[in-house]
Amino acid sequence: MLKPSEQQTGSAAGASRKSVGPRRSPAASPATATKLFVLDTNVLMHDPTSLFRFEEHDVFLPIMTLEELDSHKNGISEIARNARQASRFLDEIVGQAKGPITEGIPLKRHEADNAGGRLYLQTEAIDGHIPANLPIGKTDNHIIGVVIYLTKREPRRQVTLVTKDINMRIKARALGLTAEDYFNDKVLEDTDLLYSGVRELPADFWDNHGSDIESWKREGRTYYRIQGPLCRDLLLNQFVFQDGERPLRATVKEVSGSAAVLETVRDYSHGKNNIWGITARNREQNFAFNLLMNHDIDFVTLLGQAGTGKTLLTLAAGLMQTLEEKRYSEIIMTRVTVPVGEDIGFLPGTEEEKMAPWMGALEDNLEVLNKTDEDAGDWGRAATQDLIRSRIRVKSLNFMRGRTFIEKYLIIDEAQNLTPKQMKTLITRAGPGTKVVCLGNIAQIDTPYLTEGSSGLTYVVDRMKGWVHSGHVTLQRGERSRLADHAAETL
């Protein structure tokens, strides 16, 4: 896992940490261990703090980067906010300059900053360095021309272009330049390493951990206190299982060094434990129900491909705890409004009416949940449907800032399209007695510049794991239909 303070851009991932003595202007060409990173505008608009993520290395900003920042600063979009924040950071850095700007400005503003390099701004016109086959009027080509100029001027120093624009990286590499993506915001390099919330115990588990075992029962649950080497790798609220003659389905309740306490989970696949008429169809769905129905769990994340039952399980648990147990006053559902195709334009009506086209998944699942009581009849189901709809509120992300939800069941659908900053904004809306459930599939990201490794959903799964009041399950098997399962695997 990457540390937040580390900029890991390809070769920068293993950047030297040696002391290199006094800094010099990029006009000179000393033999130095530090590198010079030229930032494209989209890096600053994606992460304004990227200026401070290059440790001991220097950062160069072309004049066209500043021009593009200025042109994107107006508006209320996330890009506009980031452009304004990047401009504030630059103003703060330049404002503390004590010497000539041409000699570089220290990026370290205070002791909390890990940046040890200097910021260089383009202070002179750079002409004649754009290759003849590239159009002169394009901003990207001007930045590439700056990189060519600095590469020639700094022959003993590695000059690297950092950009989120894939085509720009391809053009730069075609011209023999070093170009890399900005990876600092990635939680994981490989999403296969993402925490799944479920762990299969090895066949010899009880041989190595069952010598001094303690067992007791409380409130219908069985508890095991075990000791052994595997306990150090377990996390709180992680699910463990073992198949065989004596199958085990349990969750980790305590971890202390080489000891751990396991609690057997409730079997929601049995009809008597159904949740709003819904039973778990596989092991992971059963684990998900255990998290959703656990009153001590305030934050739940469910990952899985299309058809694994994320929304259905979450809504069933929400309705049970809102209408039957009266634990929550209402269900609030929100999602990112990123269209798959062309946008259909402005929508009429109230906030909920405008969000209605995005809430097809909610309507589909409510239709399934409303048919679970076969003995109710048409009149009974109609009354139940009206009651359900009176307790579900659909909200837009645009109006979440400043809100506080008390005793609410908050569902964030399609959470893979959120940035880490947006995810933090939403989760911090939770007041006393509120449960937050994040659903998503990191293989279906529609937001520009977000990847599986940098998605807000990936971010919270990794950061919240092991907290006593949070839990996560990655749903593995699709249960929608045989057609949907086959299509998800083969198409």
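Student: How many disulfides does this chain hold?
Tutor: Keep in mind that this is a predicted model. A disulfide needs two cysteine sulfur atoms within 2.5 Å. Applying that cut-off, the count of disulfides is zero.

Student: Is C231 buried or exposed?
Tutor: A residue counts as buried when its relative accessible area is under 20%. The value for C231 is 0%, so C231 is buried.

Student: And C438, is that one buried or exposed?
Tutor: The cut-off to use is again under 20%. Because its relative accessibility is 0%, C438 counts as buried.

Student: What share of the chain's residues is buried?
Tutor: Let's step back to the whole chain, with its 14 helices and 18 strands. Of its 491 residues, the buried share is 47%.

Student: What share of the chain's accessible surface belongs to carbon and sulfur atoms?
Tutor: Start from the total, which is about 24,400 Å². The part belonging to carbon and sulfur atoms is 49%.

Student: Among contacts between residues at least 6 apart in sequence, what share joins residues at least 24 apart?
Tutor: Good one! A contact here means heavy atoms within 4.5 Å. Among the contacts you describe, the share joining residues at least 24 apart is 68%.

Student: Now for empty space: how many cavities of 30 Å³ or more are there?
Tutor: Rolling a probe the size of a water molecule over the atoms reveals where space is left empty. Searching the whole structure this way, with a lower limit of 30 Å³, gives a count of two.

Student: Which helix supplies at least two lining residues of the second largest cavity?
Tutor: This cavity holds about 50 Å³ of space. Its lining has 13 residues, and M464, K465, S470, G471 and H472 lie nearest the centre. At least two lining residues each come from the strands β13 (299–303) and β18 (470–474), and likewise from the helix α13 (456–464).

Student: How many charged residues are in that cavity's lining?
Tutor: The lining of the second largest cavity splits into three classes, with six nonpolar and six polar residues among them. That leaves the charged class, with a count of one.

Student: Which helices each supply at least two residues of the second largest pocket's lining?
Tutor: The second largest pocket has a volume of about 710 Å³. Of its 26 lining residues, G307, G309, L312, N365 and R480 lie nearest the centre. The helices you are after are α8 (310–324) and α10 (360–370).

Student: And how many of that pocket's lining residues are charged?
Tutor: Sort the lining of the second largest pocket by class: six residues are nonpolar and 12 are polar. The charged ones number eight.

Notes: Residues are numbered from 1 along each chain as its sequence is written. This is a predicted model: local features need pLDDT of at least 70, side-chain atom pairs count only at pLDDT 80 or more; totals for chains, interfaces and linings use all residues. Side-chain values use heavy atoms; hydrogens and water are left out. Buried means under 20% relative accessible area, exposed over 50%, partly exposed in between (1.4 Å probe, protein chains only). Helices (H or I, at least four residues) and strands (E, at least two) are DSSP runs, numbered from the N terminus. Accessible areas come from the Shrake-Rupley method with a 1.4 Å probe; for residues, only the protein chains shown count as cover. On a 1 Å grid over the protein atoms alone, a cavity is a set of points where a 1.4 Å probe fits but cannot get out, and a pocket is an open set with protein on both sides within 12 Å along at least five of seven lines; lining residues have an atom within 4 Å of a point. Grid points are joined across faces, edges and corners, and a volume is the space filled by probe spheres set on the points. Ala, Val, Leu, Ile, Met, Phe, Trp, Tyr, Cys and Pro count as nonpolar, Asp, Glu, Lys and Arg as charged, and the others, Gly among them, as polar.
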